[in-house]
Amino acid sequence: MNTGIFQTSIGNDLAIAADWLRQSELVAIPTETVYGLAGNALKEESVLKIFLAKDRPRFNPLILHVPDIDAVKKYVLGISPVMELLMNTFSPGPITFLLDKNPDLVSDVVTAGSSKVAVRIPAHPVTQALLKQLDFPLVAPSANRFGYVSPVTAAHVYEGLQGRIPYILDGGTCTVGVESTIVDEEDGQLIIRRTGKVSMEDIAKATGILPALKTHAEDHPVAPGMLKTHYATHTPLYLGNATDTSALAAGKKVIIMGWGSKESIAASYHFQGTTILLQVVSLSNDCRIDEVASKLFASMRNADNLGAEAILVEPFPNEGIGQAINDRLQRASVLH
Ligand code: TXA
Ligand code: MG
């Protein structure tokens, strides 16, 4: 879909970014999780451009980004004590809250018709400074073309959106590397709609309440499965134990990803003679799970550019941010 032809530039000039946003144009912004594709949340024209630039279906609602808790309060009808506790504990940071929206200010285009709006206070200093300069909030989905891996550098954004947006605000490489945790509340029960850096364990510790995990409906409650290849590389990715995926990839050119030494990663796989091992990628030499998260999307993008026929990866321990890593890999995987 053509959204107008821009000469996309990359820079770190807040005034330029703010200027484009005031004109209802889109700017890619750095956050601690992934880069966002931002537009003026209060201008329908601007919000609609986001769906066009990303080729994103209109039924997928957007996250409102604001500088602080006072700004959150403006756009919602109320915040329950437990949600406020979470906000005070983890914001600014990699967490998003689903709250009853103020329908006078938040349009149905932002929330895809839902009475709840997703709100997040990003911690990245560049985007914090930008939000403070603006007198409107930003809506910002991840700045990738719909369905592809989220961007964690300005160069990743450029790859996907060049010509479609005027400006990419460069804030370096995103430190967390996976999208924010999304927390909802229904009848007093906390629900995780998307896993992220702020883990189930973190939330339980802060509130004394063990949240429920209901992530299947994240993308579209009435069309489950439609978006199962979200976050996917073009090269088929196989998430599974090494013995199974070695067999599935027989005769193919493969890349294997894992953690620890390359030797130890390779030792888990047993390839037949005709299989060609193109590369072994360690996401963290010393098995640090936060480092795996921060390198995951860049490594998936790199692996996608090497002419491989399969990317093989084993699940990581399913705790803390490992849960978010496994979720993204599962969504990218051809095995369901
Ligand atoms: O870390 C992040 O959250 C990044 C950065 C840029 O802030 N943003 C991000 O946005 O990941 P996006 O659009 O790629 O993912 C937002 C998710 C979508 O899956 C959407 O369905 C869900 O949030 N969401 C947004 N508003 C919602 C609502 N009103 N009700 C339910 N889910 C909602
Ligand atoms: Mg996204």
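How many bridges join strand β2 to strand β3, and do they run parallel or antiparallel? I looked this up before anything else, bearing in mind that the model is predicted. Three bridges join β2, residues 27-29, to β3, residues 36-40, and the two strands run antiparallel. I noted one pair across them: alanine 28 is opposite leucine 37 of β3.

**The sheet around that pair**

I then traced the sheet. It is open, has 11 strands and mixed pairing, and its order is β1-β8-β2-β3-β7-β4-β6-β5-β9-β10-β11. At the edges I found β1 (9-11) and β11; each has a single partner strand, so one side of each has no neighbour in the sheet. As background I wrote down that side chains in a regular strand alternate between the two faces of the sheet.

**Overall figures**

I counted the elements next: the protein has 12 helices and 15 strands. Its radius of gyration is 20 Å, and the globule rule gives 20 Å for 336 residues, so the protein is as compact as a globular protein of that length. Along the principal axes, the C-alpha atoms fill a box of roughly 65 × 50 × 35 Å.

I checked burial for the whole protein and got 56% of the 336 residues as buried. For contacts between residues at least 6 apart in sequence, I recorded that 70% join residues at least 24 apart. The accessible surface is about 13,800 Å², and carbon and sulfur atoms account for 53% of that surface. On charge, I have 28 positive and 35 negative side chains, with the centres of the two sets 3 Å apart.

**Strands β13 and β14**

I went on to β13, residues 253-258. This strand is mostly covered, with five of its six residues buried. It is joined by six bridges to β14, residues 276-282, and the two run parallel. Within this pairing I looked up isoleucine 255, whose bridge partner in β14 is glutamine 279.

**Helix α12**

Is helix α12 mostly covered or mostly open, I asked, and what lies over its buried residues? The helix spans residues 322-332 and is mostly covered, as 10 of its 11 residues are buried. I listed some of the buried ones, including the charged-type entries Asp327, Arg328 and Arg331. Also among them are Gly322, Ala324, Ile325 and Leu329. The cover over these buried residues includes two helices, α8 (200-207) and α11 (289-303). It also includes the strands β10 (189-194), β11 (212-213), β12 (237-239) and β15 (310-313). I noted that β11 appears here as cover for α12 and also stands at an edge of the open sheet.

**Backbone entries**

Which peptide bond is cis, and where is its proline found? The bond joins serine 91 and proline 92, with omega about -5°. I placed proline 92 in the loop between α4 (81-90) and β5 (95-100).

I recorded two positive phi values in residues other than glycine. Aspartate 55 has phi near 60° and lies in the loop between α2 (44-54) and β4 (63-65). Its relative accessibility is 33%, so I entered aspartate 55 as partly exposed. Cysteine 287 has a phi of about 55° and sits in the loop between β14 and α11. I entered cysteine 287 as partly exposed too, because its relative accessibility is 38%, and that range runs from 20% to 50%.

Technical notes
Residues numbered from 1 in each chain as written. Chains lettered and ligands numbered in written order. Predicted model: local features only at pLDDT ≥ 70, side-chain atom pairs only at ≥ 80, totals over all residues. Heavy atoms only, no water. Helix = DSSP H or I, 4+ residues; strand = E, 2+ residues; numbered from the N terminus. Rg over C-alpha atoms; globule rule 2.2 N^0.38 Å. Buried < 20%, exposed > 50% of the residue type's maximum accessible area, 1.4 Å probe, protein only. Contact = heavy atoms within 4.5 Å. Areas by Shrake-Rupley, 256 points an atom, 1.4 Å probe, with all protein chains shown as cover. Charge placed at Lys NZ, Arg CZ, Asp CG, Glu CD. Pairing = 2+ DSSP bridges.
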